[in-house]
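Me: I am new to reading protein structures, and I would like a close look at a single part of this one. Please start with the chain as a whole, then take me slowly through one helix and whatever surrounds it.

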Amino acid sequence: MTIKSAIIAAAAATAVFGAAQAQQPKTPSAAPAVKNVVLVHGAFADGSGWRGVYDELTSRGYKVSIVQNPLTSLADDVAATRRVLARQDGPAILVGHSYGGTVITQAGSGADVAGLVYVAALAPDTGESTGDQFAQIPAPPGFVIEPQADGFGFVNGPKFKSGFAADVSDADAAFMRDSQVPIAMSAFGDKVTKAAWRAKPSWFVVATEDGAIDPALLRKTAKRIGATTREVEGSHVVFISKPKAVADVIDEAARHATHAAAR
């Protein structure tokens, strides 16, 4: 074989090999270990605030369900969460914001929960309440709750944006203020009877500009429960102002929860 013919043969072989490679299907990225996500809102709110996170997660292929807490007692809110968990077709990542962190701590011990994600949230231990956590590090002075004669509480109107939702638009903050759902103040005293984070892997979003829960308490809580922690610059409603960043943490939890639980 001449040098010229050898070069031609080699080029032809390379072309055939390259074409064969091009026809091979690409290896898909690893599917998440958990495909279900259940989102739990906190006090003074409803589930609609999760819309941005919902859109992010559903676009990534997750099945997302949103709990509508009655905010009448911790037991009632846990029952509402368990009701939604019972509708899933497999294990779920259970996500709680603010007081919703207390709810998922109580509701998340079952086998249908693969992992917990706390978003600017409380996470009491067994025998503790939401109020007990605030006793450790009080809420910032700009966050003011106004108890009503019937035992329910609202966030003070004039201080709502600065204390609750400082990084959303004035119009969005006004709507949230005027549509807030009052919570039974007694719920803040209800004790957790079994802290799910003691047995489940957990992740934590610290909102660095939180005006309702002192970021120092968020960091202390995340460290105490041994959570994988990410700090996100945002207000107490960081899940509304930074939905992609929050969805990224939930996505990470869904991809690693089974492995983490097995360690």
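Reply: The secondary structure of this chain, which is a predicted model, comes to ten helices and nine strands. The chain has 263 residues, and buried residues make up 46% of them. If you take the contacts between residues with a separation of 6 or more, 70% of these are accounted for by residues 24 or more positions apart. As for the outside, the chain exposes about 12,300 Å², and carbon and sulfur atoms supply 58% of that area.

The part to look at closely is helix H4, which covers residues 100-107. Seven of the eight residues of H4 are buried, so the helix is largely enclosed by the rest of the structure. The buried ones are Gly100, Gly101, Thr102, Val103, Ile104, Thr105 and Ala107. If you ask what they pack against, the list holds strand S1 (36-40), together with H3, S3, S4 and H5.

Thr105 makes a good example from within this helix. Its relative accessible area is 0%, and because a residue counts as buried under 20%, Thr105 is buried. Leaving aside residues up to four places away in sequence, Thr105 touches Tyr118, Leu122, Ala123, Pro124, Val192, Lys194, Ala195, Ala196 and Trp197.

One of those partners, Tyr118, leads on to the aromatic rings. With ring centres required to lie within 6.5 Å, the count comes to six aromatic pairs. Tyr99 and Phe188 form one such pair, and it is edge-to-face, with 6.1 Å from centre to centre and 80° between the planes. Tyr99 sits in the loop between strand S3 (92-97) and H4, while Phe188 sits in the loop between strand S7 (183-184) and strand S8 (202-207), so that the pair links distant parts of the chain, 89 residues apart. Tyr99 and Phe188 are both buried.

Tyr118 and Phe204 form another aromatic pair, this one stacked, with 5.9 Å between the centres and 15° between the planes. Because Tyr118 lies in strand S4 (residues 113-119) and Phe204 in strand S8, the pair ties together parts that are 86 residues apart in sequence. Both Tyr118 and Phe204 are buried. Elsewhere, ring pairs link Phe44, Phe143, Phe160 and Phe164 into a cluster.

Phe204 in turn gives a way to reach helix H10 (residues 243-262), where Ile250 is found. Ile250 and Phe204 are 46 residues apart in sequence, and their C-alpha atoms are 9.4 Å apart in space. Ile250 counts as buried, at 0% relative accessibility. Not counting residues up to four places away in sequence, Ile250 touches Val37, Leu39, Val53, Leu57, Ile93, Val95 and Val117.

The loops that join the elements also deserve a look, and two residues there show an unusual backbone angle for you to check. Ala120, which belongs to the loop between S4 and helix H5 (130-136), has a positive phi of about 45° although it is not a glycine. Ala120 is buried, with a relative accessible area of 0%. Leu71, which is found in the loop between strand S2 (63-67) and helix H3 (74-85), also has a positive phi, near 60°, and is likewise a residue other than glycine. At 0% relative accessibility, Leu71 counts as buried.

To finish, turn from the packed parts to an open space. The largest pocket holds about 330 Å³ of space. It is lined by 17 residues, and the closest to its centre are Asp46, Ser48, Gly49, Met176 and Ile240. The elements that give two or more residues to this lining are helix H7 (170-178) and helix H9 (238-241), and H7 gives the most, with three residues. Sorted by class, the lining of the largest pocket has nine nonpolar, six polar and two charged residues.

How values were computed: Residues numbered from 1 in each chain as written. Predicted model: local features only at pLDDT ≥ 70, side-chain atom pairs only at ≥ 80, totals over all residues. Heavy atoms only, no water. Helix = DSSP H or I, 4+ residues; strand = E, 2+ residues; numbered from the N terminus. Buried < 20%, exposed > 50% of the residue type's maximum accessible area, 1.4 Å probe, protein only. Contact = heavy atoms within 4.5 Å. Phe/Tyr/Trp six-rings, centres within 6.5 Å; stacked < 30°, edge-to-face > 60°. Areas by Shrake-Rupley, 256 points an atom, 1.4 Å probe, with all protein chains shown as cover. 1 Å grid on protein atoms, 1.4 Å probe; cavity = no way out; pocket = protein on both sides within 12 Å on 5 of 7 lines; lining within 4 Å. Points joined across faces, edges and corners; volume = space filled by probe spheres on them. Nonpolar A, V, L, I, M, F, W, Y, C, P; charged D, E, K, R; others polar.
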